[in-house]
Amino acid sequence: MRKLFSSLLFRIALAIALGIILGNVLPDSVARVFMTFNGVFSQFLGFMIPLIIIGLVTPAISEIGKGSGKLLLLTVAIAYANTSFAALMGYGVGEWLFPSLVASTESMAQVAKPEDLQPYFTVSIPPLLDVMNALVLSFIMGLGISYGQLQTLRNCFIEMKDVVAGVIAKAIIPLLPLYIFGIFLSMTNSGQVLRIVTIFAYIILVIFALHIIILLYAYTIAGLTTKRNPLRLLGTMLPAYLTALGTSSSAATIPVTFAQTLRNKVSEGIAGFVVPLCATIHMPGSAMKISCCALTICLINGMPHDFATFLHFTLMLGIVMVAAPGVPGGCIMAALAPLASILGFDTEAQALMIALYIAMDSFGTACNVTSDGAIAIVVDKINENKK
């Protein structure tokens, strides 16, 4: 029971429920206290986003770039292509299904930022860099450290990663339920929440179905490559899927993923190389989920959602997520940068994204790690053919 109460998913679900229940009950004077907190927290979050990018992406690129070999490049290319394809698939399915759903809820309250609940005061915390500057700096430093073998500078950024990860784990994640409570309190007070909940209950079902499709096509490709039964290959990876479902951690599932990959007759050397690497860089389930939710919020708020914009977003998403698995809630935290800089999401839209992502976090992680086994099978077969 104590484990349940301490889980982030439970606390966020409780925050959403309380925000909906208390939205029309709390007096405005009390509700404005939470609006004040949300204003300060959103400024802090905006300040941290560039630092999160630099602190997480720079050491990740420097570590990935250490290996020099065709096998590394092949694995990274396949992982990145599949992550980007999954995100674009989420966008494509969303463009087909979601507009009619959003249109069907037009009779409900319009989604607009409430003006009746204002914070008592605001605090301005401008970021040190904008998001694009942080991304460019991360790539320059990461590649420079890798090619120059600059161990001292690498250690500095590894220590910066520890600081950033500590801020996420000790400050941002614990305060997220209170922040999300304030968001849903505000939406309920302004009559928006019914429409939001109705739309996203449907979106979540679509995302679960797409997770299954991702696994099926990944193992179909692996089966065609090796001329083996794809369903049997996928069935062998079921323990890894269930472990990830329970732990919500790619890193914690690596031993199980490795063991089941060996049972799929992948050589030990390839499995030992591909599985840990893909646990860091291969995020098809998470990318698809973020793409679907982002498209939905764009549709709700009447924001641009053309293919070119989302292609830019998904290609950047596959890059910034490379460092995400080592940090609790890392995928969505890393995704805040392209969400803000490319799609123009404000802090309220980002808070909705965080709540939705964490509500489905374990399923995305399970999809990620299970599909790692498919990449290991393909890489092993290509390596075998070259030999």
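Nine aromatic pairs turn up when the whole structure is searched. Keep in mind that this is a predicted model. Two of the ring pairs get a closer look below, followed by charges over rings, a helix packing and a buried serine.

**Phe34 and Phe181**
- The ring centres of Phe34 and Phe181 are 4.9 Å apart and the planes sit at 75°, so this one goes down as edge-to-face; the cut-off for that label is over 60 degrees.
- It's a long-range link along the chain: Phe34 belongs to helix 3 (residues 28–64) and Phe181 to helix 6 (residues 151–189), with their positions 147 residues apart.
- Phe34 comes out as partly exposed because its relative accessibility is 21%, and the buried class needs a value under 20%.
- Phe181 has a relative accessible area of 9%, so that ring is buried.

**Phe41, Tyr179 and their cluster**
- Phe41 pairs with Tyr179 at 4.8 Å centre to centre, and with 45° between the planes the geometry is tilted.
- Here too helix 3 meets helix 6: Phe41 is in the former and Tyr179 in the latter, so the pair ties together parts 138 residues apart in sequence.
- Phe41 and Tyr179 are both buried.
- If you pull up Phe37, Phe41, Phe44 and Tyr179 together, you'll be looking at a cluster linked by ring pairs.

**Charges over rings**
- Arg32 puts its charged end over the ring of Tyr120, at 4.2 Å from the ring centre.
- Lys289 does likewise with Tyr357, where the charged end is 4.0 Å from the centre of the ring.

**Helix 4 against helix 11**
- Helix 4 (residues 70–104) packs on helix 11 (residues 268–281) at about 40°, and the axes are 10 Å apart.
- That angle makes the two helices oblique to each other, since roughly parallel would call for an angle under 35 degrees.
- As for handedness, helix 4 and helix 11 cross in the right-handed sense.
- On the helix 4 side, the residues involved are Leu71, Leu72, Thr75, Val76, Ala79 and Thr83.
- Facing them from helix 11 are Ile270, Phe273, Val274, Leu277, Cys278 and Ile281.

**Ser291**
- You'll find Ser291 in helix 12 (residues 284–301).
- Its relative accessibility is 0%, so Ser291 counts as buried.
- Setting aside neighbours within four places in sequence, Ser291 touches Ala87, Gly90 and Tyr91, along with Phe310, Phe313 and Thr314.

Technical notes: Residues numbered from 1 in each chain as written. Predicted model: local features only at pLDDT ≥ 70, side-chain atom pairs only at ≥ 80, totals over all residues. Heavy atoms only, no water. Phe/Tyr/Trp six-rings, centres within 6.5 Å; stacked < 30°, edge-to-face > 60°. Helix = DSSP H or I, 4+ residues; strand = E, 2+ residues; numbered from the N terminus. Buried < 20%, exposed > 50% of the residue type's maximum accessible area, 1.4 Å probe, protein only. Lys NZ or Arg CZ within 6 Å of the ring centre and 35° of its normal. Axes fitted to C-alpha atoms, helices over the stretch in contact; angles between N-to-C directions. Parallel < 35°, antiparallel > 145°, perpendicular 65-115°, else oblique. Left-handed = near helix turned anticlockwise from the far one by under 90°. Contact = heavy atoms within 4.5 Å.
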